[in-house]
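Grab a viewer and work through these exercises at your own pace. Each task is followed by a solution that goes step by step.

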Amino acid sequence: MTGDRMTVRAALETLLAGNRRFTAGSPEHPNQDAARRAATAPAQSPFAVLFGCSDSRLAAEIIFDRGLGDLFVVRTAGHVMGPEVLGSIEYGVSVLGSPLVVVLGHDSCGAVAATRAAVQDGTTATGYVRDVIERVTPSVLAARAAGHTEDGDFIDTHIRHTVDLLVERSRTLADAVEAGTVAVVGLSYRLADGTARVVTARGLDTATLVAARQ
């Protein structure tokens, strides 16, 4: 779609359709040939910004069956954010014109598990891993306060927290969401079966989410 801006709905539908192909074992591997390489060399126009966990099992272009120039990917352990992450995401939206921002979490997340252990046992990580744990801690505390005990509930809480933080901390994103030109969607990925499930969304109505899932 280089040179053509997708609508928010079309971007989400395209992303989830690719995931369905991946889980069904019938990927099309679009936009991965020499022609696409040549077409995207002068400029990029990704239809989605994907902010995901750095986990090696979470390769965005593979699990969503996409190719060159389709996704603007930003990844950190536990999808924790700082100024560099916010700037990268804003660049994808305001400069590259992506209508969709996706926060991609997953089950068995090491960052969330380490944070749960730190909160429960009072253990302290060393180096900059400690910073990652500190940034995940508000999500873990919120999940505990809500009475959650299952891993999936902690993951979903952290995904929701990240989506909310993006919109709260970035005026660029907040204004675009309010204008209806950009949506921020939280997805949770299951490592065993490869499915990506919608957890939360800002800037999309229920009808659009239902249509995108089909």
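**Exercise 1: A serine and its surroundings**

Task: Find which residues Ser-98 touches, not counting residues up to four places away in sequence.

Solution:
- Begin with the contacts (heavy atoms within 4.5 Å). Ser-98 touches Arg-5, Pro-46, Phe-47, Ala-48, Val-49, Gly-92, Val-93 and Val-182, once residues up to four places away in sequence are set aside.
- Before going on, note that this is a predicted model, in which local features need pLDDT of at least 70, side-chain atom pairs count only at pLDDT 80 or more, and totals for chains, interfaces and linings use all residues. Residues are numbered from 1 along each chain as its sequence is written, and side-chain values use heavy atoms, with hydrogens and water left out.
- Next, place Ser-98 in the fold: this residue sits in the loop between α4 (83–95) and β3 (100–106). Helices (H or I, at least four residues) and strands (E, at least two) are DSSP runs, numbered from the N terminus.
- Then check accessibility, where buried means under 20% relative accessible area, exposed over 50%, and partly exposed in between (1.4 Å probe, protein chains only). Ser-98 is buried because its relative accessible area is 0%.
- Finally, look at the side chain of Ser-98, which reaches the backbone oxygen of Pro-46 at 2.8 Å. That is a polar contact: a pair of N or O atoms within 3.5 Å, where, within protein, one must be able to donate a hydrogen and the other to accept it, and residues adjacent in sequence count only if both atoms are side-chain atoms.

**Exercise 2: Two cysteines**

Task: Explain why the sulfur of Cys-53 is not bonded to the closest cysteine sulfur.

Solution:
- Recall the chemistry: a disulfide is a covalent bond between the sulfur atoms of two cysteines.
- Apply the cut-off, a pair of cysteine sulfur atoms within 2.5 Å. The sulfur of Cys-53 has its closest cysteine sulfur in Cys-109, and because the distance is 4.3 Å, the two are too far apart for a bond.
- Count up: the rule gives 0 disulfides.
- Compare their surroundings: Cys-53 is buried at 6% relative accessibility, and Cys-109 is buried at 4%.

**Exercise 3: The nonpolar core**

Task: Work out how many residues the largest nonpolar core has, and which have the most contacts inside it.

Solution:
- Use the rule for a nonpolar core: buried Ala, Val, Leu, Ile, Met, Phe, Trp, Tyr and Cys residues joined through side-chain atoms within 4.5 Å. The largest core has 58 residues, and those with the most contacts inside it are Ile-89, Leu-100, Val-101, Leu-104, Leu-166 and Leu-187.
- Ask where this core draws from: its largest share, 6 residues, comes from helix α7 (residues 151–169).
- Zoom in on Leu-166, which, beyond its neighbours within four places in sequence, is in contact with Phe-51, Met-81, Leu-86, Ile-89, Val-101, Val-103, Leu-173 and Val-184.
- Set this in context: in soluble globular proteins, nonpolar side chains tend to be buried together.

**Exercise 4: A hairpin**

Task: Decide whether strands β4 and β5 run parallel or antiparallel.

Solution:
- Strands pair if DSSP finds at least two bridges between them. Here 6 bridges join β4 (residues 183–189) to β5 (residues 196–202), and the strands run antiparallel.
- Pick out one position: Leu-187 stands opposite Val-198 in β5.
- Follow the chain through the turn: β4 and β5 form a hairpin with 6 residues between them, and Gly-194 in the turn has a positive phi of about 80 degrees.
- Look across to Asn-19 in helix α1 (residues 8–24). Asn-19 is buried at 3% relative accessible area, and its contacts beyond four places in sequence include Tyr-189, Gly-194 and Ala-196.

**Exercise 5: The two sides of a helix**

Task: Find which residues of helix α8 (residues 171–179) are buried.

Solution:
- The buried residues are Leu-173, Ala-174, Ala-176 and Val-177.
- Seen down the axis of α8, these fall within an arc of 165 degrees, so they line one face of the helix. The arc is that of the directions from the helix axis to the C-beta atoms.
- Turn to the other side of α8, where Arg-171, Glu-178 and Ala-179 are exposed.
- Return to the buried residues of α8, which pack against α4, β3, α7, β4 and β5.
- Step past the end: just after α8, Gly-180 takes a positive phi of about 80 degrees.
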